[in-house]
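Visitor: I would like a close look at a single part of this structure, taken slowly and with its surroundings in view. Please choose one helix and follow it outward into whatever it packs against.

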Amino acid sequence: MAQHSEDKEKKVTVLKKRSDFLRIARANKKWVAPGMIVQTCPQPEGVKAGDGIRVGYTTSKKVGNAVVRNRARRRLREVVRKVLAEKGRAGQDYVLIARAGIQDRSFDDLIRDLKWSLKRLADQNNKKPSGGRNRRSNEAVSRSGGQK
């Protein structure tokens with residue numbers, strides 16, 4: 001039974017290259033939570049960890065001094081260890097950006113933030129782009145010279 005649970009968990013590796021961080025930021029799929037910002041993007045072709053999850057961590061000086069930033073990174077790593085292996089999607093890259101209030105949030109709140117962010121990002125990926133009624137009515141307005 002222990003083997004079955006190990007097979008279910010996805011392997012999580014750490015992003016280190018700046019180009020990966022920039023690629024994920026350019027994808028512009030993110031969710032902002034009180035303690036962190038979660039960005040995601042599908043892994044590019046030819047990545048060795050194609051069936052696993054890759055994650056990167058960012059903490060800017062807005063979070064605090066070096067001690068506070070390191071603590072924030074440690075907390076994010078632990079949250080990822082507890083949540084991302086079961087809730088994350090294989091073949092995705094994630095970047096977690098610590099926000100200024102992260103040191104004041106409880107650990108349970110950070111876990112809740114990450115779970116909610118992953119759920120919302122998965123909903124965004126599954127949603128089809130709408131272009132129905134609003135797009136057509138806007139086109140009709142522009143063709144008629146501003147009158148409906």
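**Helix H4 and its surroundings**

Guide: Buried residues make up 32% of the 148 residues in the chain, and since this is a predicted model, everything that follows describes the prediction. The chain holds five helices and five strands, which follow one another along the sequence in the pattern α-β-α-β-β-β-α-β-α-α. Among contacts between residues at least 6 apart in sequence, 76% join residues at least 24 apart. The accessible surface of the chain comes to about 10,200 Å², and carbon and sulfur atoms account for 48% of that area.

The part to look at is helix H4, which has 20 residues and reaches 29 Å from its first C-alpha to its last, close to the 28 Å expected at 1.5 Å a residue. Its buried residues are Leu110, Ile111, Asp113, Leu114, Ser117, Leu118 and Leu121. Seen down the axis of H4, these buried residues fall within an arc of 155°, so they line one face of the helix. The spacing can be read against a general rule: an α-helix has 3.6 residues a turn, so residues three or four places apart point the same way. On the other side of H4, Asp108, Arg112 and Asn126 are exposed. The buried residues of the helix, for their part, pack against E2, E3, H3 and E5.

Two residues of the buried face show what this packing involves. Leucine 114, leaving aside residues up to four places away in sequence, touches Met36, Val38, Val79, Val80, Val83 and Leu96. Serine 117, also found in helix H4, counts as buried because its relative accessibility is 0%. Apart from its neighbours within four places in sequence, serine 117 is in contact with Trp31, Ala33 and Val38. Serine 117 and valine 38 are 79 residues apart in sequence, yet their C-alpha atoms are 6.7 Å apart in space.

Leucine 114 also leads into the largest nonpolar core, where, of 21 residues, Tyr94, Leu96 and Leu114 touch the most other members. At least two residues of this core come from each of strand E3 (36-42), strand E4 (53-58), helix H3 (66-87), strand E5 (92-98) and helix H4 (107-126). The largest share, six residues, is supplied by H3. A second, separate core has five residues, among them Leu15, Phe21, Ile24 and Cys41. As a general background, nonpolar side chains in soluble globular proteins tend to be buried together.

From the helix one can move on to strand E5, one of the elements against which its buried residues pack. Six of the seven residues of E5 are buried, so this strand is largely enclosed by the rest of the structure. E5 is joined to E3 by seven bridges, and the two strands run antiparallel, with isoleucine 37 standing opposite isoleucine 97 in E5. E5 also pairs with E4, in the parallel sense and over five bridges. In that pairing, tyrosine 57 stands opposite leucine 96 in E5, while valine 55 stands opposite tyrosine 94 in E5. Tyr94 and Leu96 thus appear here as bridge partners, having already been named among the core residues that touch the most other members.

Strand E4 carries the pairing a step further. Five of its six residues are buried, so E4 is likewise largely enclosed by the rest of the structure. E4 pairs with strand E1 (residues 12-14) in the parallel sense over three bridges, and in E4 the bridge partner of valine 14 is valine 55.

Two residues outside H4 complete the picture. Aspartate 20 lies in helix H2 and is buried, with a relative accessible area of 13%; setting aside residues up to four places away in sequence, aspartate 20 touches Leu15 and Arg54. Asparagine 28 is placed in the loop between helix H2 (18-27) and strand E2 (30-32). The phi of asparagine 28 is near 60°, a positive value in a residue other than glycine, and at 60% relative accessibility asparagine 28 counts as exposed.

Methods
Residues are numbered from 1 along each chain as its sequence is written. This is a predicted model: local features need pLDDT of at least 70, side-chain atom pairs count only at pLDDT 80 or more; totals for chains, interfaces and linings use all residues. Side-chain values use heavy atoms; hydrogens and water are left out. A nonpolar core is a set of buried Ala, Val, Leu, Ile, Met, Phe, Trp, Tyr and Cys residues joined through side-chain atoms within 4.5 Å. Buried means under 20% relative accessible area, exposed over 50%, partly exposed in between (1.4 Å probe, protein chains only). Helices (H or I, at least four residues) and strands (E, at least two) are DSSP runs, numbered from the N terminus. Contact means heavy atoms within 4.5 Å. Accessible areas come from the Shrake-Rupley method with a 1.4 Å probe; for residues, only the protein chains shown count as cover. The expected span of a helix is 1.5 Å times one less than its number of residues. The arc is that of the directions from the helix axis to the C-beta atoms. Two strands pair if DSSP finds at least two bridges between them.
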